[in-house]
Structure formats: C-alpha cells, structure tokens
Amino acid sequence: MEQAQQQTLQNLGFEIANKAIEIAQLRAQLSALQSENEQLKSRIDELSKGEDNGTN
C-alpha cells in the first residue's frame, strides 16, 4: 500500500512539474504576443497620423 501511495505521489509530482513547464511556456508566449500587440498598435498609430497629415 505504501509503495502505491509513493508511486501516486511521484506521478502527481511529475504532473505538477509538467504543468509548471506548460504554464511557463504559455506565459512566455503571452508576453511575446503582448509585445507584438504593442508594436502593432504603435504602427497603427503611426499610419493613422500619416493619414491625418495626408501622407502614408
């Protein structure tokens, strides 16, 4: 019984570690997307200002 409990705890530990890795990857992905989003917003603002001035 104790062996089975240890195995279960070990499996849960691996599962937690894998989820932590997955979360870290998703956070990095989110950060990259947020950065890209900010760059696109800036570009849209630049283009909008250009249109206001009659230039592109």
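Start by selecting A28, which sits in helix α1. This is a predicted model. Is A28 buried or exposed? With a relative accessibility of 48%, A28 counts as partly exposed, because the exposed class begins only over 50%.

Keep A28 selected and add F14. The two residues are 14 positions apart along the chain. Draw a distance between their C-alpha atoms: 21 Å separates them.

**Zoom out to the whole chain**

Colour by secondary structure. One helix appears, and zero strands. Helix α1 covers residues 2-52. Now fit a box along the principal axes. The C-alpha atoms fill roughly 80 × 10 × 10 Å.

How does the radius of gyration stand against that of a compact globule? The protein chain has 24 Å, whereas a compact globule of 56 residues would have a value near 10 Å.

Switch on the surface. About 5300 Å² is exposed by the protein chain. Carbon and sulfur atoms supply 54% of that area. Then colour by burial. Of the 56 residues, 2% count as buried.

Next, show the charged side chains. The protein chain carries 5 positive and 9 negative charges. Mark the mean position of each set. Those two points are 3 Å apart.

**Select L9, L12 and I16**

Which residues form a nonpolar patch on the surface? Select L9, L12 and I16 together. Their combined accessible area is about 320 Å².

Pick L9 from this group. L9 belongs to helix α1. Its relative accessible area is 60%, so L9 falls in the exposed class, for which the cut-off is over 50%.

**Walk the salt bridges**

How many salt bridges does a search of the whole structure find? The search returns three. Take them in order along the chain.

*Stop one: K19 and E22.* Show both side chains. K19 forms a salt bridge with E22. The closest N and O atoms are 3.6 Å apart, which means the pair meets the 4 Å cut-off. Both residues lie in helix α1, three residues apart, or about one turn of the helix. Now check their exposure. K19 is partly exposed, at 47% relative accessible area. E22 is also partly exposed, at 38%.

*Stop two: E38 and K41.* Move along helix α1. The side chains of K41 and E38 meet in a salt bridge, with 3.7 Å from N to O. K41 and E38 are three residues apart in helix α1, about one turn. K41 has a relative accessibility of 43% and counts as partly exposed. E38 has 45% and counts as partly exposed too.

*Stop three: R43 and E46.* Select these two side chains. R43 and E46 meet in a salt bridge, and the N to O distance is 3.2 Å. Why are they about one helical turn apart? Because E46 and R43 are three residues apart in helix α1. E46 is partly exposed, with 49% relative accessibility. R43 is partly exposed as well, at 44%.

**Last view**

Leave three selections on screen. Keep A28 in helix α1. Keep the nonpolar patch of L9, L12 and I16. Keep the salt bridges, three in the whole structure. Behind them runs the single helix of the chain, inside a box of roughly 80 × 10 × 10 Å.

Technical notes. Residues numbered from 1 in each chain as written. Predicted model: local features only at pLDDT ≥ 70, side-chain atom pairs only at ≥ 80, totals over all residues. Heavy atoms only, no water. Helix = DSSP H or I, 4+ residues; strand = E, 2+ residues; numbered from the N terminus. Rg over C-alpha atoms; globule rule 2.2 N^0.38 Å. Buried < 20%, exposed > 50% of the residue type's maximum accessible area, 1.4 Å probe, protein only. Areas by Shrake-Rupley, 256 points an atom, 1.4 Å probe, with all protein chains shown as cover. Lys, Arg positive; Asp, Glu negative; His and termini not counted. Charge placed at Lys NZ, Arg CZ, Asp CG, Glu CD. Patch = residues over 30% accessible without salt bridge, like charges linked within 9 Å, V, L, I, M, F, W, Y side chains within 5 Å.
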